[in-house]
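Q: Let us go through some labels and ask what each one rests on.

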Amino acid sequence: MKTLLKETGQIIRFNLKNLLLFLIGYRLTAAAVYLRLLDAGMRFSLRQAGYGYLTLENAGKVCLSPWTIPVVLALLCAGLFLLMAEAGGLVAAYWAAMYSLRLPGHRIFVQGIQNAIQQIRRRNFGLFAVVLADFLLMNLFYIYRTLTHIKPVDFVIGEMSGRPGVWALVAAVVWGCVAAVIPTYFVFHQCMVEQKFYRDGKRGSVELLKGRWARTVIRVVFPQLLVVLAAWVLYGLLLVMMAVFTVFFVRRDLQFAFLIRASSWTEWIVMGAASMGASLLFFADLTVQYDKYRGSGVVRKHFFYTGEAMISRKNGLAALAAWGLIGGLGLIDAGINGTFLASSVAARTEITAHRGSSSSAPENTMAALEAAVEEMADWAEIDVQETADGVVVLCHDTTLERVAGVKSKVRDLTFEEIQKLDGGSWFGKEFAGERIPALAEVMEYAKGRLNLNIELKYSGMDSGLPEKVGQLVAEYEMEDQCVISCANINYLKRIRKLDSQIKTGYIIPAAYGDYYMDENVDVISIRSGFVTESLVRKAHEAGKSVHAWTVNEKMELERMRVLMVDNVITDVPVLAREILYREEATENLLEYLKLIFK
């Protein structure tokens, strides 16, 4: 056992630089590509089923839609191919290491793609089931953590976890899966190295495992548990370091919000690193055992030299560059513009800063939006209307008397005249000279920083405001970053007609009627006092999300969290984040560190 473990460490270290280069690059780009595929598939399936959002209540109907199954199967096939390519690359790299040969990153990449294609050509479809099972078991903990960030799944997990016997059943299922995949432990090398068909490869794997079953199970499970433990320890240490940094360097009123946001990002990074470590360890150990158990009398195959012309350095680097470009652009696009997937299934209640962060800066100004970003709001709600010369500007009231001391109406002044007004002095001397911004300026600032809930102020059916705002959203490619809201349903119908990809929100002062069934509405924006469990359930059944306004009190914020409201619109985003995202362990740690360093 000691010898095998030592050899496993040796072949990992032997080509570690190129392995990391391949795995990090491949995971990032594959994730970006697959995220976009998931996003497009989910968007298509929901629209075909007549919904705007995926919720626990409408999930069953979406699954029964005739388009959902083909889309899911296509996404599953794409995911299996990506997993097989990663496995094929790692098998190639480690098998080369057994000959003391270092495969460069681009060769690992190309060989992985070739191996995946080869298994399709040889109809080794059973191997794709094996790679899925292995990756699921290797990443079981990380998948669980990811699923808790998805609304419908998180709810089901929460409900089920409290029932007696559930965790025992889960453990039994996991061990059952382990028992099912162990016989196929060596099938990757049988099919990729020995070039066997899947059925023959499985028989060869079972033959190699004779008398070694218990030892193999321990070798598979124990290192993976160590990786999970190491990930938790690392995450804990990083959390302590972030808490110390927060206490000393972050503004006091933002400390809790900052720590929650930072800990969330840290968790994703640590989980990603641990998942890559699990794959590196699994395939390295698999290769060492395979070579050992086959015996020295068997001639090894230099399978990674096949197709030399296809995987020349020039062609390999070109393929890797093309893959990286596609994935990189997808990742950048997702980061800047957001995704429909993220906004539809995010587990936590999101926070919208009302008229920007209107408790920290004058409402509907750039200063208010900058404060919303600083206070880590997910969204900013803004009000828009037209000037006399047709420019869309931010302003809530019909007249400018309250915010600029001028009794004129917005629609009676040109944009140039409005730009000369002081929109900040009424709030505080430090904001003297703050301008009333155009929507275009706001969108340029918010792109990639802040989601926008743009409320259209009704100004008659002859107004071109809906079309102008919709065109600006499309021009800045912010369909996944914006919701256009209005209390007038006809304005929303015009938005839907202009661009069906733009999400719309129906503002309702009170709950009445079956407004949640309207196909022109994606978001129900309603006064928090009228939000009930029944309303949220019915809206979710109809595939709508629920935004509650304007929630500034602790008790009401707590109530919105319990009711699983999708978004709260508030004047105090920092308080909202503290209440909605409160995590006892994190808070106690922060308070403890504060006491130490006082």
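Q: How do you know that Glu 479, which is buried, has no salt bridge?
A: A salt bridge needs a side-chain nitrogen of Lys or Arg within 4 Å of a carboxyl oxygen of Asp or Glu. Lys and Arg count as positive, Asp and Glu as negative; His and the chain ends are not counted. For Glu 479 the nearest side chain of opposite charge, Lys 447, is 7.2 Å away, so there is no salt bridge. This is a predicted model: local features need pLDDT of at least 70, side-chain atom pairs count only at pLDDT 80 or more, and totals for chains, interfaces and linings use all residues. Residues are numbered from 1 along each chain as its sequence is written, and side-chain values use heavy atoms, with hydrogens and water left out.

Q: Where is Glu 479, and what does it touch?
A: Glu 479 is in the loop between helix 20 (465–475) and strand 5 (482–486). Helices (H or I, at least four residues) and strands (E, at least two) are DSSP runs, numbered from the N terminus. Contact means heavy atoms within 4.5 Å. Not counting residues up to four places away in sequence, Glu 479 touches Val 473, Ala 474, Asp 499, Gln 501, Ile 502 and Lys 503.

Q: Why is the pair of Phe 188 and Phe 283 called edge-to-face?
A: Rings of Phe, Tyr and Trp (its six-membered ring) pair if their centres lie within 6.5 Å; planes under 30 degrees apart count as stacked, over 60 as edge-to-face and the rest as tilted. The count comes to 19 aromatic pairs. In this one, the ring centres of Phe 188 and Phe 283 are 5.6 Å apart and the planes are at 70 degrees, so the pair is edge-to-face. Phe 188 is in helix 10 (residues 187–192) and Phe 283 in helix 13 (residues 255–294), 95 residues apart.

Q: What makes Arg 212 a charge over the ring of Tyr 293?
A: The rule asks for NZ of Lys or CZ of Arg within 6 Å of the ring centre and within 35 degrees of the ring normal. The charged end of Arg 212 sits over the ring of Tyr 293, 4.1 Å from its centre.

Q: Why is Met 376 called buried, and Met 564 partly exposed?
A: Buried means under 20% relative accessible area, exposed over 50%, partly exposed in between (1.4 Å probe, protein chains only). Met 376 has 10%, so it is buried. Met 564 has 38% relative accessibility, so it counts as partly exposed.
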